[in-house]
Amino acid sequence: MKSIKSKSAFTMVELVFVIIIIGILATVAIPRLAATRDDATITKNKVVVSSIRNALSMERQKRILRGDTTVITAVGDSTNAFDKFSKDKNENQADVLEYPIKSEDAKDKWYFSEGTGKDGRDQYIFKSILGDVAFEVVKGRFQCDADNTNNTNVTGCEQLTN
């Protein structure tokens, strides 16, 4: 009689069992990864809002030290949502951010909307899963337009400013 050597291999049952376990893990992990991406986008844009506010504060202080009390009314244009401050009394313009953010009317992007805010102010709108979240420069401060003049999502204001 010939001896049969046993070969080590996976059985079909073992392979099916492993595939089922991987499928279960994937169904649990994928929604968590999607939520993590959204959280990262919101966090990134909270940093952008903080940076704009800090830049406005610093520019306001620089102007005061030069004896200029010109109120800052804008921080961008249709090309870049955050590019240059409005001109001071000497017609000078400073950069808002070291790397301007391009104005794009797309999901998870900032875009500039000229004269669509209260009293004809320019708006800087962030489109996201939160809905449109609009900001305006009011009396030299970067503020969320929380009273929904441009269908702004109040929850979005809270998430991007807290």
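Which residue in strand 5 does serine 128 stand opposite? The legends below describe close-up views of a predicted model.

**View 1. Strand 4 and strand 5 run antiparallel.** Strand 4 covers residues 123–128 and strand 5 covers residues 131–138. The two strands are joined by 5 bridges. Opposite serine 128 stands glycine 131 of strand 5.

**View 2. Four strands form an open sheet with antiparallel pairing.** The order of the 4 strands in this sheet is 3-4-5-6. Strand 3 (109–113) and strand 6 stand at the edges; because each has a single partner strand, one side of each is left without a neighbour in the sheet. From one strand to the next, the twist averages 25 degrees.

**View 3. Helix 1 packs on the sheet.** This helix comprises residues 12–65 and touches strand 3, strand 4, strand 5 and strand 6. The direction of helix 1 makes about 150 degrees with that of strand 6.

**View 4. A disulfide joins cysteine 144 to cysteine 157.** A disulfide is a covalent bond between the sulfur atoms of two cysteines. The structure holds 1 disulfide, and its S to S distance is 1.7 Å. The pair links distant parts of the chain, 13 residues apart: cysteine 144 lies in strand 6 (residues 141–144), and cysteine 157 lies in helix 2 (residues 154–161). The link of cysteine 144 and cysteine 157 is left-handed, with -70 degrees about the S-S bond.

**View 5. Cysteine 144 counts as buried, and cysteine 157 counts as buried.** A residue is buried if its relative accessible area is under 20%. Cysteine 144 has 18% relative accessibility and therefore counts as buried. Cysteine 157 has 4% relative accessibility, so cysteine 157 counts as buried.

Technical notes:
Residues numbered from 1 in each chain as written. Predicted model: local features only at pLDDT ≥ 70, side-chain atom pairs only at ≥ 80, totals over all residues. Heavy atoms only, no water. Disulfide = S-S within 2.5 Å. Buried < 20%, exposed > 50% of the residue type's maximum accessible area, 1.4 Å probe, protein only. Pairing = 2+ DSSP bridges. Axes fitted to C-alpha atoms, helices over the stretch in contact; angles between N-to-C directions. Contact = heavy atoms within 4.5 Å.
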